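These notebook entries record what I looked up in the structure, taken in the order in which I consulted it.

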Amino acid sequence: MITILIAEELLMFLPVARRRERQEVAHDGTSTLGHIVESLGVPLPEAGRLLVNGTPVEPGHQPAAGEEVRVEAVARPQSVPLEPGRLAPRFLLDVHLGTLARRMRLLGLDTAYHNDMDDPALVVQANEEGRVLLTQDRGLLRRRALWFGAYVRGSRPDDQLRDLLERFVPELRPWTRCTACNGVLAPVDKEEVERELADGTRRSYDVYGRCADCGQVYWRGAHGGHLERIVEDAVTVVAAGSAQGGDRPQDSPQDSPQDSPQDSAHGSARSAAS
């Protein structure tokens with residue numbers, strides 16, 4: 001037999017009937033440790049260090065009878081390999097996380113999302129574009145071809161966003177991305193967009209932004225206060241995570257929204273981040 005000790009944070013992945021820290025697994029002499037951990041229910045992207053009798057090993061390790069294995073949770077904040085010059089990871093969300101995707105875009109995170117993409121296509125895009133795949137589908141995280149994935153905890157968008165920010169502590173650039181399509185926002189003169197505006201909007205607001213990709217026009221609208229609270233809470237979470245992470249580079253997540261050229265155009269024609 002092999003003894004597997006599962007970190008408390010990972011017990012949520014185990015079947016209710018087996019949701020306990022200590023697991024006794026039959027030794028077959030051929031299965032890798034990674035296979036054993038996933039057979040218990042824990043996706044490997046959610047497992048941190050694997051320790052055999054206190055010594056770190058790789059998922060490909062083949063345990064021997066009598067060994068004791070400790071499965072730790074992923075350490076937070078978790079680092080992601082970044083391209084040169086990139087300060088924050090790029091993300092891809094599955095079809096069930098649309099609201100989270102819009103909130104991440106509000107914060108300036110490069111966030112791809114499709115409401116009609118199947119699992120194999122998600123893995124292909126994540127790998128080709130170097131995006132972290134976020135999902136609540138444990139089976140998707142077990143796909144061997146996936147380069148980097150993470151399980152999103154929480155059923156409410158607020159909780160999901162906090163979990164994402166605490167895990168990756170990404171560089172934030174609020175008000176710089178289109179919440180509808182992920183394009184970059186650019187300032188635009190009122191005269192250029194006034195024909196697209198309702199009379200009340202045209203009379204009430206003077207500063208606008210437009211998505212360079214889809215053309216969506218943004219302004220400080222009625223939902224601005226709600227969106228500002230989302231941003232302020234996110235900045236607080238990232239600041240706390242950055243301090244906890246020591247010398248992890250953080251260029252300007254504590255910058256106020258006024259530091260962004262899109263500050264005066266963060267309300268939109270629809271409350272897309274809600």
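**Entry 1. Leu165.** I began with Leu165, which sits in helix α5. The model is predicted, and all values below were computed from it. I asked whether Leu165 is buried or exposed. Its relative accessible area is 1%, so I entered Leu165 as buried, the cut-off being under 20%. I then listed its contacts, leaving out residues up to four places away in sequence: Leu165 touches Leu107, Pro170, Leu172, Ala234, Val237 and Val238. For one of these partners, Ala234, I noted the separation from Leu165: 69 residues in sequence and 7.3 Å in space, C-alpha to C-alpha.

**Entry 2. α5 against α8.** I next looked up how α5 packs on helix α8, which spans residues 224-244. The angle between the two is about 30° and their axes are 9 Å apart. I recorded the crossing of α5 and α8 as right-handed. On the α5 side, the contact is made by Leu161, Arg162, Leu165 and Glu166; on the α8 side, Ile230, Ala234, Val237 and Val238 take part. Sorted by class, the residues of this contact of α5 with α8 are six nonpolar and two charged, with no polar residue.

I added a general remark on helix geometry. An α-helix has 3.6 residues a turn, so residues three or four places apart point the same way.

**Entry 3. α5 against α2.** Which residues of α2 meet α5? I found Thr99, Leu100, Arg103 and Met104 in α2, facing Pro157, Asp158, Gln160, Leu161 and Leu164 in α5. The contact of α2 with α5 comprises five nonpolar, two polar and two charged residues. Helix α2 covers residues 98-106. Its packing angle with α5 is about 55°, and the axes lie 9 Å apart. That angle makes α2 oblique to α5. The crossing of α2 and α5 is right-handed. I noted that Leu161 of α5 is listed in the contact with α2 and also in the contact with α8.

**Entry 4. Aromatic pairs.** I counted the aromatic pairs and found five in the structure. I examined Phe148 and Phe168, whose ring centres are 6.4 Å apart. Their planes stand at 55°, so I classed the pair as tilted. The pair links distant parts of the chain, its members being 20 residues apart: Phe148 is in the loop between α4 (138-141) and β9 (149-151), and Phe168 belongs to helix α5 (residues 157-168). Both Phe148 and Phe168 are buried. I also entered that Phe91, Trp147, Phe148 and Phe168 form one aromatic cluster.

**Entry 5. Backbone values to check.** I set down the general expectation beforehand. Most residues other than glycine have a negative phi, and most peptide bonds are trans. I then looked at the loop between α5 and β10 (185-188), where Val169 is placed. Phi of Val169 is near 45°, a positive value in a residue other than glycine. Val169 is buried, with a relative accessible area of 1%. Trp175 is found in the loop between α5 and β10 as well. Trp175 has a positive phi of about 70° although it is not a glycine, and its relative accessible area is 2%, so it counts as buried.

Which two residues does a cis peptide bond join? I found them to be Arg76 and Pro77, with omega at about -5°. Pro77 lies in the loop between β5 and β6 (90-93).

**Entry 6. Helix α1.** I turned to α1, which runs over residues 33-40. How many of its eight residues are buried? I counted six, and therefore entered the helix as mostly covered. The buried residues of α1 are Leu33, Gly34, Ile36, Val37, Glu38 and Leu40. These residues pack against β1 (2-6), β2 (22-25), β3 (47-52), β4 (55-57) and β5 (68-73). Just after α1, Gly41 takes a positive phi of about 125°.

**Entry 7. The whole protein.** I closed with the overall counts. The protein has eight helices and 12 strands. Of its 274 residues, 47% count as buried. Among contacts with a separation of 6 or more, 60% are accounted for by residues 24 or more positions apart.

Key
Residues numbered from 1 in each chain as written. Predicted model: local features only at pLDDT ≥ 70, side-chain atom pairs only at ≥ 80, totals over all residues. Heavy atoms only, no water. Phe/Tyr/Trp six-rings, centres within 6.5 Å; stacked < 30°, edge-to-face > 60°. Helix = DSSP H or I, 4+ residues; strand = E, 2+ residues; numbered from the N terminus. Buried < 20%, exposed > 50% of the residue type's maximum accessible area, 1.4 Å probe, protein only. Axes fitted to C-alpha atoms, helices over the stretch in contact; angles between N-to-C directions. Parallel < 35°, antiparallel > 145°, perpendicular 65-115°, else oblique. Left-handed = near helix turned anticlockwise from the far one by under 90°. Contact = heavy atoms within 4.5 Å. Nonpolar A, V, L, I, M, F, W, Y, C, P; charged D, E, K, R; others polar.
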